[in-house]
Amino acid sequence: MKEHEILANIHLVTFPSTQEAAKTFIRFQEHYESPKFRNKLFTLKEYQTWYKKQNNRASFTYYNDWSGFNIPSYALLPFYSGAFGALSSREKKLLDLFQDKSGLFYVIGTAKNDEKTLDHEIMHGLYYTNYQYRSDVDRIIFKYSAKFSYMPIYNLFEKMDYHHSVFIDELHAYLVTCQTYLRSKKIDVKMYVPLIQELDDNFAAYARVI
């Protein structure tokens with residue numbers, strides 16, 4: 001894995017494959033945003049058992065289901081403190097990258113050269129680290145809330161096992177970068193086109209320095 005600061009206080013960690021990224025980030029990510037395990041301590045086995053049952057699957061498919069990862073720096077703290085007990089070699093390597101860094105920052109992870117996923121994760125990073133970006137996103141989403149409902153997408157997020165606290169953040173990232181996926185889930189993306197354009201333009205304004 002390789003790391004560099006892609007934008008102010010947003011650190012990108014790249015991997016040879018999406019599977020390697022998933023195997024590294026899984027407990028960090030789910031400690032941050034899982035509806036079941038958010039802010040809780042758990043073993044990989046406990047999460048695997050729950051994930052299979054939750055998704056009605058005979059095998060554990062997480063490593064192929066997810067391609068991008070994003071966590072605020074505070075999600076690392078219980079791993080540093082030893083609260084999670086024994087760590088995997090991958091988890092230790094990720095922690096080593098940031099052990100000398102202080103203050104609030106954001107960590108995103110993707111496979112190398114996965115540009116589509118990268119944009120999605122950068123949007124999450126900006127939403128967390130840049131107050132003005134977050135304010136702009138919230139303003140744009142609120143502006144259109146009287147014109148159409150976001151509930152079809154929020155209902156989808158519930159089925160995808162996102163914690164409700166990240167719904168708005170996920171909404172703006174999915175609308176801009178995951179329209180094909182939303183269509184596959186019977187979401188009427190055309191309805192959201194004006195909103196998508198404003199969110200996309202806003203993201204471009206903040207990310208053009210990359």
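## Strand β4 and the loop residue Arg38

Tyr106, Ile108 and Thr110 point one way from strand β4 while Val107, Gly109 and Ala111 point the other way, and all of them are buried (under 20% relative accessible area with a 1.4 Å probe and protein chains only, where exposed is over 50% and partly exposed lies in between). In a regular strand, side chains alternate between the two faces of the sheet. The model is predicted, so that local features need pLDDT of at least 70 and side-chain atom pairs count only at pLDDT 80 or more, while totals for chains, interfaces and linings use all residues. Residues are numbered from 1 along each chain as its sequence is written, and side-chain values use heavy atoms, with hydrogens and water left out.

Strand β4 covers residues 106-111, and six of its six residues are buried; strands (E, at least two residues) and helices (H or I, at least four) are DSSP runs numbered from the N terminus. Two strands pair if DSSP finds at least two bridges between them, and the table gives the partners of β4.

| Strand | Bridges to β4 | Direction |
|---|---|---|
| β2 (residues 10-15) | six bridges | parallel |
| β3 (residues 69-72) | four bridges | antiparallel |

Within β4, Ile108 is the bridge partner of Leu12, and Gly109 is that of Phe69.

Arg38 lies in the loop between α1 (18-33) and α2 (44-54). Apart from neighbours within four places in sequence, Arg38 is in contact (heavy atoms within 4.5 Å) with residues including Glu30, Tyr74 and His163. Arg38 and Tyr174 are 136 residues apart in sequence and 21 Å apart in space, C-alpha to C-alpha.
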